[in-house]
Amino acid sequence: MTQSTRRTPGQWQAVIDQWQNSGQSAVRFCEEHGVGYASFCNWRKRLADDQVSPAERETSFIDITALPSASKGLAWNIVLSLGNGVELRLSQG
């Protein structure tokens with residue numbers, strides 16, 4: 001049984017930087033460097049989320065009631081592309 005290595009956020013960032021410069025897939029990099037793939041993915045997401053400022057997070061949401069057409073009772077159509085061909089369509093009017 002192998003003992004898992006505890007890493008600080010800074011150490012995880014260094015591992016992720018090393019992977020980005022390696023040209024390898026994440027799975028292959030983790031296998032070759034003895035890094036748990038699930039932990040790697042969790043830390044990669046966590047560190048990416050930490051780099052987004054609170055102001056940027058706030059601007060990633062749109063209050064559709066504030067749209068000019070919503071206040072005038074006009075029709076609106078919004079299409080959100082969620083990836084993998086999935087779309088969420090919202091409309092009024």
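## Three packed helices and a hairpin

R89 lies in strand 2, and that strand is a handy way into this predicted model. Before following R89 further, here is the overall layout. The protein has five helices and two strands, and reading along the sequence gives the pattern α-α-α-α-α-β-β. Buried residues account for 15% of the 93 residues. As for how far the contacts reach, take those between residues at least 6 apart in sequence: 24% of them join residues at least 24 apart.

**The hairpin**

Strand 1 covers residues 76–83 and strand 2 covers residues 86–92; the two run antiparallel and are joined by seven bridges. Together they form a hairpin with two residues between the strands. N84 sits in that turn and has a positive phi of about 55 degrees. Want a couple of pairs to click on? W76 stands opposite Q92 in strand 2, and S81 has E87 of strand 2 as its bridge partner.

Now back to R89. Its C-alpha atom is separated by 5.7 Å from that of I78, although the two residues are eleven apart along the chain. Once neighbours within four places in sequence are set aside, R89 is in contact with I78 and V79. What about its surface? R89 is exposed, at 58% relative accessibility, because that value is over the 50% cut-off.

L88 is also placed in strand 2. Its C-alpha atom is 8.1 Å from that of I78, and the two residues are ten apart in sequence. With neighbours within four places left out, L88 is in contact with I78, V79, L80 and L82. L88 is partly exposed, with a relative accessible area of 38%. As background for looking at successive residues here, side chains in a regular strand alternate between the two faces of the sheet.

**Salt bridges**

How many salt bridges does a search of the whole structure find? It turns up two. Here they are, with the closest N and O atoms and the accessibility of each partner:

| Salt bridge | Closest N–O distance | Relative accessible area, Arg | Relative accessible area, Glu |
|---|---|---|---|
| R28 with E32 | 3.0 Å | R28: 47% | E32: 47% |
| R89 with E87 | 2.7 Å | R89: 58% | E87: 43% |

The general idea is that side chains of opposite charge can pair when their charged atoms come close. In the helical case, R28 and E32 are four residues apart in helix 2, so they are separated by about one helical turn. Both ends sit in the partly exposed range: R28 at 47% and E32 at 47%. In the hairpin case, R89 is exposed, while E87 counts as partly exposed at 43%. E87 is the residue already met as the bridge partner of S81, so that part of strand 2 is worth a look with side chains switched on.

**The nonpolar core**

Which residues make up the largest nonpolar core? There are eleven in all: W12, V15, I16, W19, A26, F29, C30, V35, F40, W43 and L47. The elements giving two or more residues to this core are helix 1 (9–22), helix 2 (26–33) and helix 3 (37–50). Helix 1 gives the most, with four residues.

F29 is a good member of the core to zoom in on. Leaving aside neighbours within four places in sequence, F29 is in contact with V15, Q18, W19, S22 and Q24. Among these contacts, V15 and W19 belong to the core as well.

**How helix 1 meets helix 3**

Two packed helices are described by the angle between their axes and the distance between the axes. For helix 1 and helix 3, the packing angle is about 100 degrees and the axes are 10 Å apart. The two helices are therefore roughly perpendicular to each other, because the angle falls in the 65 to 115 degree range. On the helix 1 side, the contact is made by P9, W12, Q13, V15, I16 and W19. On the helix 3 side, the residues are S39, F40, W43, R44 and L47. Several names on those two lists are also core members, including W12, V15, I16 and W19 from helix 1 and F40, W43 and L47 from helix 3.

How values were computed: Residues are numbered from 1 along each chain as its sequence is written. This is a predicted model: local features need pLDDT of at least 70, side-chain atom pairs count only at pLDDT 80 or more; totals for chains, interfaces and linings use all residues. Side-chain values use heavy atoms; hydrogens and water are left out. Two strands pair if DSSP finds at least two bridges between them. A nonpolar core is a set of buried Ala, Val, Leu, Ile, Met, Phe, Trp, Tyr and Cys residues joined through side-chain atoms within 4.5 Å. Buried means under 20% relative accessible area, exposed over 50%, partly exposed in between (1.4 Å probe, protein chains only). Contact means heavy atoms within 4.5 Å. A salt bridge is a side-chain nitrogen of Lys or Arg within 4 Å of a carboxyl oxygen of Asp or Glu. Axes are lines fitted to C-alpha atoms, for helices over the stretch in contact, and angles run from 0 to 180 degrees between N-to-C directions. Angles under 35 degrees count as roughly parallel, over 145 as roughly antiparallel, 65 to 115 as roughly perpendicular and the rest as oblique.
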